[in-house]
Amino acid sequence: MSLSLSAPHGVALRWRFNAAPLLPWLVPAALILAWQIGSDAGWITRRTLPSPLSIANAIAALAWSGELFHHAAISLQRAVLGFVIGGTLGLGFGVLNGISPLASRLLDTTLQMLRTIPHLAIIPMVILWFGIGEGAKIFLVAAGVFFPMYLNTYHGVRMADAGLLEMGRVYRLSGWAVFWRVILPGAMPSVLLGVRYGLGIMWLTLIVAETISASAGIGYMTMNAREFLQTDVVLAGVLLYALLGKLSDVAAKVLERRCIAWHPSFAAQREG
Amino acid sequence: MLATVMDPSVSFRDAAPADHAVPVSPAAELALRGIHKSFGGRTVLSGLDLDIARHSFVSIVGRSGEGKSTLLRMLAGLETPDAGGVNLNGKPVRGLSPDVTMMFQDARLLPWQTVLGNAGIARGQGWRREALAALAAVGLEDRANEWPAVLSGGQKQRVALARALVRHPGLLLLDEPFGALDALTRADMQRLVERLWRQTGFTAVLVTHDVAEAVALSDRVLVLRGGRIALDLPVDLPRPRPRASADAAALEATILNALLG
Ligand SMILES: Nc1ncnc2c1ncn2[C@@H]1O[C@H](COP(=O)(O)OP(=O)(O)O)[C@@H](O)[C@H]1O
Ligand SMILES: [Mg+2]
C-alpha cells in the first residue's frame, strides 16, 4: 500500500512515501505515547505502572552497571543447558521408539503417562531433590522441553513414507543410510515443530522457576526489584524475557530454513 | 521449459545402437515356474510360468487388481512366492538383487536431496560422475542442483529413470511409470525409455494399463488374467515404430479381446 500526498495543484510538493512497513507499528507507538502522557499527567501511578521513559532509564542503568547482562547471561545459560539436555533426550527417545517397535512397546506407554503430569506441578519435589541451585532450574526446563521433542520426533519418524522406504530397499541402502537419508530428513519438519514448542515451554518454565527460587537470573532480578517496589526494573525484566523469547523464535526460524530448504514451500522460492 | 521436455536427443530416430550414453550392462534373463501367491486367502497368482529372454522388452497388461504389481514386485525380490520359484540368470532370486531395479508410478524421489543426490542415491564410488552422466542421458543435467519439488511430473520420472540407470541394471522393472503423466509427456517418456533400452541393453519388464503403449514399446505383450498368463503375444514390428500403424492396431485389438474376454 502506498500513501501519496500531493499539493492541491500537484506541482511544488509531490512526494510518495511507502507507509506499508510502518503500518503495523502505528498502534503500538500510539499506545506507548498515550501511556507516557498518562504517566506524566499523573493518571497512572508509578506503583501501578512506571512510565515508558522510566523503564528505558531503568534498562539503561541496569545495562550500565552490567547487572542486566549478568542476569540475562545466567538465565540464557539455564535455558540453553535445559533445552539441550531435554531436547536431546526427547529426540533420542523419539527416534528410538519410532524405529524400534520393541522399544516403543516397552517405553511409549510410560512416557505418555509421565506426559500427563504438568512439569511445574513437581516444583516442590524438584526443590527437595536439587535444592534451589542450578540443578533444579535446569531439570525443570529439560523436563518441560523433553515431551514436545519426544512426541513430535516419534510422530515424524513413525510417519516415514512407505514408498520411499521401499525405494531404499530396491536401491539396497544400508539401514544406516535409510535412517540418515530417508527417515530422519522426512521427520525433520515434525522435529522442528517440537523445537518450537520446546522453546516456548523453555522460557515459561524458566520464568516460573526463577521467580520461585533463584539467587541470580532475570526472574531473581524482577523478584528482588519487587521487594523494593522498583516496578520499572520489574518491567525491564519482563521486556528482557520477551526479547529473549523473540530471539529464540528467530533462531528456530533460521534453523527451519536451513533444515527444510527442500520443502515445497521454500524450494519454489529459489526459482523465482 | 519446452526445450527440456522436447529435448531433440530424446527422439528415437537418432537412437543408433552404437551411440552409448551410459555403459552397457549384461542383460538379465528370467524364468518363473509354478508361481503361487495369495494375500489373506485371496489368490492373486496361481501356477504362473514365464520365461523372459535377455535384452527383451516385455509388457504386462491386465485389469486392475489382477496381480501385475505383485508379479513385478516378485521379480524385484520385494515379494516372495508362496510356491514356485523365480530364477534370475539361472540363480534363484532371494531378496533384492543388485542387478535389478524398479521404477514406480510415483517417482519416489527424496524431496530433501537435490536432483543429483537422488540420481546417485546409492552413493557408490564416483557416484557424482555417474549420476551426472545418467542425468545427461535423460536430458536433465542442467537441473542437477535443484530440489525435486520444482520439477514437473515428467521431469521427476526422468530423474527416477536416471537413478535406475546409475545402477546399470540388467533388469529394469517399470510399474506403470507413465500412468500419471499427460499424453505428450508420456509419449516423450516412452521414446526415452525405448532409446535407453536400445542403447544400454537391459531387459525391460513394463506393467501398463495402456495397450497402445505396450504394443508401441515391447517385443512381447503378456495379458495377466485369473492369476496366469492368458495371452502371450509376440510383437514383431520393426523399430523405430511408426505411430498408429494398422499392424499395431490389429495387435491392440487382439490384446483388448483377451483383456475383456
Ligand atoms: N501386501 C498386500 N497385502 C494384501 N493384499 C495385497 C497386497 N498386495 C497386493 N494385494 C492384493 O493383491 C491383488 C493384486 O494387487 P496388485 O498386484 O497390486 O494388482 P494390479 O497391479 O494388477 O492392479 C489386489 O487384490 C490387492 O489388494
Ligand atoms: Mg499395480
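**Chains A and B: interface and sheet**

Visitor: How many residue pairs are in polar contact across the interface of chain A and chain B?

Guide: This is a predicted model: local features need pLDDT of at least 70, side-chain atom pairs count only at pLDDT 80 or more, and totals for chains, interfaces and linings use all residues. Residues are numbered from 1 along each chain as its sequence is written, chains are lettered from A in the order in which they are written, and side-chain values use heavy atoms, without hydrogens and water. A polar contact is a pair of N or O atoms within 3.5 Å; within protein, one must be able to donate a hydrogen and the other to accept it, and residues adjacent in sequence count only if both atoms are side-chain atoms. With both residues at pLDDT 80 or more, the rule finds nine pairs.

Visitor: Which residue of chain A forms a salt bridge with B:Arg73?

Guide: A salt bridge puts a side-chain nitrogen of Lys or Arg within 4 Å of a carboxyl oxygen of Asp or Glu. The count between the chains is two. For B:Arg73, the closest N and O atoms are 2.4 Å apart, and the partner is A:Glu166.

Visitor: How much area do chain A and chain B bury between them?

Guide: Buried area is the accessible area (1.4 Å probe) that two parts lose on being put together, summed over both. Carbon and sulfur atoms hold 63% of it. The total is about 2,300 Å².

Visitor: Which three residues supply 31% of the area that chain A buries against chain B?

Guide: No other three residues supply more. They are A:Tyr171, A:Arg181 and A:Trp262.
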